[in-house]
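The following exercises concern a structure of more than one chain. Please attempt each task before reading its solution.

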Amino acid sequence: MSAGDPLIEVEAVSYAYPEAAEPALRDVSLRVMPGEFLALVGQNGAGKTTLAKHFNGLILPARGSVRVAGQDTRAVATRRLAGIVGYCYQNPDHQIFSRTLRREVAFGPTNLGLPADQVARNVEEALRLVGLLEKADDYPFLLGRGERQRLAVASILAMGSRILVVDEPTTGLDLQGVRGIMTLLERWNRELGRTIVVITHDINVVAQYVPRTVVMAEGRVVADGPTRQALTDWAALEMADVKPPQVTRVARRLARYGIPPDVMTVDELAAAIRARLQSVSVSARREEA
Amino acid sequence: MKPDAEPGPRLETGSHGEGPSALPAPVIRARGLTYRYPTGERDVLQGIDLDVAPGEFLGVTGPSGAGKSTLCLCLKGLIPHSFAGTLGGSVIVNGLDTSATGPAQLAENVAMVFQDPESQIIGLTVAEDLAFGPENLTQPPDEIRARIPKLLETVGLAGFEARETYSLSGGQKQRVAIAAALMLEPSILILDEPTSELDPVGKGEVFRTVRRLREEAKVTVVMVEHEIEQLAEVADRIIVVDGGRIVADAPPRELFRDADLFHRTQGERLPQVAELLLALEREGLVTPADFTPREDEAVAVLSRLLERRPR
């Protein structure tokens with residue numbers, strides 16, 4: 001595969017869990033280029049996690065195809081995909097089991113068959129990246145929730161995966177915890193060029209950190225594009241039962257005063273209001289003149 | 001804890017009742033509350049003084065590890081009755097000192113709903129789950145049955161009696177937990193981050209339910225919550241807890257003017273409309289009197305601003 005090829009290519013995939021009445025995915029297509037940072041948003045049951053589990057071959061498509069780094073997931077061992085796609089679960093306590101942080105983080109790369117010195121280097125680097133190196137020999141369950149979340153990310157990072165899927169990285173974290181984990185993902189994406197997919201309900205996090213957003217509803221992709229565009233696609237958001245950030249909702253309610261409806265941040269809405277007031281006063285002054 | 005430290009609110013009711021401006025006696029009164037977990041190296045609560053008026057809706061927010069959940073456990077009396085550790089100061093609920101009152105009697109006064117919807121559902125069916133608490137207090141079955149339909153209606157689950165609890169969504173489970181908590185007709189309901197494990201639909205369902213409780217005003221609500229924009233809509237008053245202390249205590253309209261406080265504690269951001277109005281206020285476009293952290297009110301203020309025609 002060449003540099004211009006998608007890293008993940010989902011083609012017309014449908015999937016139903018055994019004995020489920022409704023399919024979990026219906027004719028989903030998605031392309032992710034190397035180095036992209038995207039969010040999957042939508043309600044529980046919309047198909048976000050089912051789609052993400054297609055990326056590392058935990059689920060194989062019933063119809064359609066999934067290619068990861070050019071390889072059809074049905075033709076390649078899941079073990080091999082684990083070296084390409086790292087999957088970080090929602091609850092860090094579902095994946096943490098070791099007696100020290102160092103052992104926890106070493107588990108993945110060791111199982112991928114990496115040589116011991118490479119594992120040691122990856123572990124150091126991953127713990128340093130998430131800011132937990134000084135606690136490398138501590139007991140994981142003595143860490144705070146935000147730290148355990150970062151540890152879970154580190155244990156995926158150490159596998160050297162090109163793609164990181166992170167399921168609900170901010171659930172249960174306070175603002176500081178949210179900033180910690182999102183800044184980490186942002187840096188990992190920008191500085192190391194890794195591809196990141198976050199599954200999240202936290203729309204403010206998406207608006208602030210994630211450049212591309214895929215909105216899902218009832219097993220389908222209903223919007224996919226730059227976050228600003230996706231989070232102001234009101235028809236899609238309604239279908240998906242997703243609320244955009246508060247300022248975006250307020251901007252929409254002020255549309256009749258000429259406020260643009262695709263505002264995403266407080267600063268943007270303040271600027272739009274200022275601009276509007278200025279243009280009103282300028283036109284009033286012209287009338288007076 | 002000194003039994004003679006503070007007279008209970010019940011004793012004060014008469015002395016406060018004379019003037020029309022007299023405040024109602026608080027249903028929760030904490031004084032000098034400190035607590036250290038058995039293995040802790042420092043006090044998780046470092047001197048909490050708190051009064052909550054009957055029917056009031058108190059929001060509680062602050063960073064992780066600030067002591068919010070510990071405070072809830074103290075108000076419910078689970079500290080000291082179910083936790084070892086060192087408690088200082090006093091908590092009086094409905095005139096009862098929590099240290100000196102047994103769990104059963106406290107259960108009739110204070111109910112609590114926790115973060116994880118899975119961990120607090122006991123019954124196989126919704127009706128069984130609601131009946132569990134009062135059955136344990138040996139209340140008559142007829143009386144128990146009679147209360148269930150009304151409470152299910154309050155939480156928006158009318159007709160769910162026979163539904164199996166494992167088949168419910170997170171938001172439905174959490175509302176069953178709220179209904180179950182209300183079965184003993186407590187005067188105080190404590191909700192400790194009841195929406196943090198839920199998706200936005202579930203969060204919305206729980207907030208609609210608590211809003212309804214607020215309108216009915218039969219129960220005093222204490223709600224720990226990180227969804228700051230929604231909390232600003234429902235709370236009469238919000239306290240910010242940080243480092244085991246109450247660092248701010250005000251109605252939302254006052255509290256969210258203090259942007260520095262929220263930057264300092266790092267636990268929560270301001271509601272976006274609050275941040276916006278403060279920015280416009282600094283430029284002289286709106287006045288302090290226009291300030292609100294609530295969405296509908298903010299839209300009204302901004303509409304007036306944008307409608308304004310220069311003379």
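Two strands are said to pair if DSSP finds at least two bridges between them. The structure is a predicted model, and this should be kept in mind throughout.

**Exercise 1. Confidence**

Task: State the average pLDDT of chain A, and identify which elements have the lowest and the highest mean pLDDT.

Solution. Step 1: the average pLDDT of chain A is 90, and 99% of the residues score at least 70. Step 2: among the elements of chain A, the lowest mean, 84, belongs to H5(A), and the highest, 98, to strand E9 (residues 212–217).

**Exercise 2. The sheet**

Task: Determine the order of the strands in the open sheet of chain A, and explain why one side of E6 and of E10 is left without a neighbour.

Solution. Step 1: the open sheet is built from 6 strands of chain A, in the order E6-E7-E8-E3-E9-E10, with mixed pairing. Step 2: strand E6 (85–88) and strand E10 (220–226) of chain A are at the edges and have a single partner strand each, so one side of each lacks a neighbour in the sheet. Step 3: from one strand to the next, the twist averages 15°. Step 4: to examine one pair, take strand E3 (residues 37–41) and strand E8 (residues 195–199) of chain A, which pair in the parallel sense over 4 bridges. Within this pair, A:Ala39 has A:Val198 in E8(A) as its bridge partner.

**Exercise 3. Helices on the sheet**

Task: Which strands do H1 and H6 of chain A touch?

Solution. Step 1: helix H1 (residues 48–55) of chain A packs on the sheet and touches E3, E6, E7, E8 and E9 of chain A. The direction of H1(A) makes about 155° with that of E7(A). Step 2: H6(A) also packs on the sheet, touching E3, E7 and E8 of chain A. The direction of H6(A) makes about 155° with that of E8(A).

**Exercise 4. Buried residues in two helices**

Task: Which residues of H3(A) are buried, and why is H2(B) described as largely enclosed?

Solution. Step 1: a residue counts as buried if 20 or more other C-beta atoms lie within 10 Å of its own. Step 2: in helix H3 (residues 101–111) of chain A, the buried residues are A:Leu101, A:Glu104, A:Val105, A:Ala106, A:Gly108 and A:Pro109. The buried residues of H3(A) pack against helix H4 (116–129) and H5 of chain A. Step 3: in helix H2 (residues 68–76) of chain B, 8 of the 9 residues are buried, so the rest of the structure largely encloses this helix. Among them are B:Leu71, B:Cys72 and B:Leu73. Step 4: consider what follows each helix. After H3(A) comes A:Gly113, with a positive phi near 85°; after H2(B) comes B:Gly77, with a positive phi near 80°.

**Exercise 5. Domains and chains**

Task: Describe the contacts between the two domains of chain A, and those between chain A and chain B.

Solution. Step 1: chain A is divided into domain 1 (8–241) and domain 2 (245–289), and their centres are separated by 37 Å. Step 2: 6 residues of domain 1 are in contact with 5 residues of domain 2. Helix H7 (residues 203–209) of chain A gives the largest share of the domain 1 side, 3 residues. Step 3: between the chains, 31 residues of chain A are in contact with 29 residues of chain B. The largest share of the chain A side, 9 residues, comes from H11(A). Step 4: by type, the residues of this chain A side are 14 nonpolar, 11 polar and 6 charged.

Notes:
Residues numbered from 1 in each chain as written. Chains lettered and ligands numbered in written order. Predicted model: local features only at pLDDT ≥ 70, side-chain atom pairs only at ≥ 80, totals over all residues. Contact = placed C-beta atoms within 7 Å. Nonpolar A, V, L, I, M, F, W, Y, C, P; charged D, E, K, R; others polar. Buried ≥ 20, exposed ≤ 12 C-beta atoms within 10 Å, placed from the backbone. pLDDT = per-residue confidence, 0-100. Axes fitted to C-alpha atoms, helices over the stretch in contact; angles between N-to-C directions. Domains from an automatic or database assignment.
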